[in-house]
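Please look through the structure shown here, beginning with a single residue and moving on to a helix and its surroundings.

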Amino acid sequence: MISWTCPKCGSPIPAPPAGGSSAVCPSCATECLPPLPEQTLARLSPRPPAGGWGGRERFVVGLNVGVMSLLAVSITVVVNLLAAHSWTRWDWTHGGSFTLTGESLKFLEALPKEVTITFFPAVDPQNRLGALVVDRLRDVLQAYAMATPKIRLVEVSPIREPERVREIQARYGIEALMFGDLVFTCGHRKKVVGLTQCYRGTMNPTSTTGPPTYVFRGEEVVTNAINAVLVDHPIRARFVTGHGEASLTNHEPHGLSMFLAYLGSREFVGAEELLLHEAGRVPEDCDVLVFVGPEEPIPPAELRMISDYLDRGGRVCFCLEPGSDTGLEAIAATWGVALADDYVCDLARQAHLPDRPTTPAYFGVMDFGDHPAVERLHPRDTAPLFFNARSVEPAPRAPDGFAATRLLRTTDAPDGFAVRDRRAPPEFVSGRDRPGPIGLAVAVSPREETPGRSSTRLVVVGDAEFVQNIAVGLQGPNRTEFLVQTILWLGGTGAQIPVQRPAEQDRSFLVYKEQSDRIWLIVVLALPAFAAFMGLMVAWMRRT
């Protein structure tokens, strides 16, 4: 007769009825199973023989362990080698945020030289917008490095590696590097790009009232920065002086020293002054000839030099103030550009600056034409501010094979208008004034250009003060970007690589301090407390 004890109360249990495999405890009514026989337990838990394992058995066991370990290591090595040489990347974001556009990929496929990108991924902890852009920029840079072996990506922490930062500054002759900067190098060429150039923000980046709204321009900036360092020599712009023009070395209000400093930061534009009467002709190495606000009539001999230069396929920019009669107006007219002796007002765009009286004649230009020279301008960040500008319009007829395109314009009437009588008050009078939109800059170029061959290009702007020190000091150097882009286009690289990303919807999940505090309370206090409470409830229910 088999008997055993109840595992719950310890009472003896009689043998199960015939044919049964379990019995019920008479004390606590728990159904109990009989214990396994000793032979069964011995079979389930084998023990080594009395003399221990022999040498053969130990050898077999060791060999088995060694073979399995070697096989596991081999599989790991093979998988890593395959992943390193044959990898695939999936971008599951809504707008393909981490996938380069076709324009960038096509450019990278034909990359002739190796380019090194040094990234300094650090940002002020209070700058949430900057932190978002740094993370996004890191992903974009990794996409460039994965797209071609000719892109070498290096990350240097300005906080943990200050000595290495100073070494890079000394090596490339960079005065200062900021958090989030990018340094592009190819041979002796370099270009520094600031973090703020990689996005356009529409709110205070340190605000905590809502998510930062911004337009990410990282891919456009990186692609064109790579293209810039591949150029063998910068665009050689010659600023003509000797007729009352603004000087690059003049630090007075009507000088161009502040614009020169901004232009020099672009690395791919070299600016020098030129005296035409001393040179005798436009130098052969001149890529772009620039006039900024000449005040005196230009001698006929120099006008012929300018005309001959344009006829030979030269690139010229005229920035002419209202009321001036320098002789350049006649040259512009022969190329299909008409300048009027008036001044332009725009009531809808008038600027409000502390050191200037509010007047419709001082306004921002936010309406751009469809042209490569202005395609990168942004109404908020890089819109030029004009003061007492004159109107510039395409003439009814342009030279055969050429087209004149309006680059800048005012708003429609009655806000935008041109006052014919400069002594009249700046208000629109129907029948007296010319209604808007009024043109402020015109570009002339061939309808079809032959690749690799220089062809005539001309830009005429109805204001010169917008790039002078007096204006840069009030509005910032980025407002002169229009002239920078004009020089780039005139020099042949102004039509930078167009990177057209589809419109993206910000689907990021942002957590602010109040929300973070609530999450901390829930995760650290509420959830453990709830788990402890449920455990106590279960224990109490089992006891009862």
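In this predicted model, Ala441 has a relative accessibility of 0% and therefore counts as buried, the cut-off being under 20%. Ala441 belongs to strand β24, which covers residues 439-446. Leaving aside residues up to four places away in sequence, Ala441 touches Val392, Thr405, Arg406, Leu407, Leu408, Val460, Val461 and Phe482. Gly369 lies 72 residues from Ala441 in sequence, and the C-alpha atoms of the two are 9.6 Å apart in space.

Burial can also be followed along a helix. In α3, which spans residues 102-109, the buried residues are Ser104, Phe107 and Leu108. When α3 is viewed down its axis, these buried residues fall within an arc of 95°, so they line one face of the helix. An α-helix has 3.6 residues a turn, so residues three or four places apart point the same way. On the face of α3 turned away from the buried side are the exposed residues Gly102, Lys106 and Glu109.

What do the buried residues of α3 pack against? Their partners are α4 (128-147), β6 (151-155) and α6 (218-229). Of these, α6 can be described further: its axis and that of α3 come within 11 Å and cross at roughly 25°. An angle under 35 degrees counts as roughly parallel, and α3 and α6 are therefore roughly parallel to each other. Their crossing is left-handed. Ser104, Phe107 and Leu108 of α3 make the contact with Glu219, Thr223, Ile226 and Asn227 of α6, and the residues of this contact divide into three nonpolar, three polar and one charged.

Methods
Residues are numbered from 1 along each chain as its sequence is written. This is a predicted model: local features need pLDDT of at least 70, side-chain atom pairs count only at pLDDT 80 or more; totals for chains, interfaces and linings use all residues. Side-chain values use heavy atoms; hydrogens and water are left out. Buried means under 20% relative accessible area, exposed over 50%, partly exposed in between (1.4 Å probe, protein chains only). Helices (H or I, at least four residues) and strands (E, at least two) are DSSP runs, numbered from the N terminus. The arc is that of the directions from the helix axis to the C-beta atoms. Contact means heavy atoms within 4.5 Å. Axes are lines fitted to C-alpha atoms, for helices over the stretch in contact, and angles run from 0 to 180 degrees between N-to-C directions. Angles under 35 degrees count as roughly parallel, over 145 as roughly antiparallel, 65 to 115 as roughly perpendicular and the rest as oblique. A crossing is left-handed if the near helix is turned anticlockwise from the far one by less than a right angle, and right-handed if clockwise. Ala, Val, Leu, Ile, Met, Phe, Trp, Tyr, Cys and Pro count as nonpolar, Asp, Glu, Lys and Arg as charged, and the others, Gly among them, as polar.
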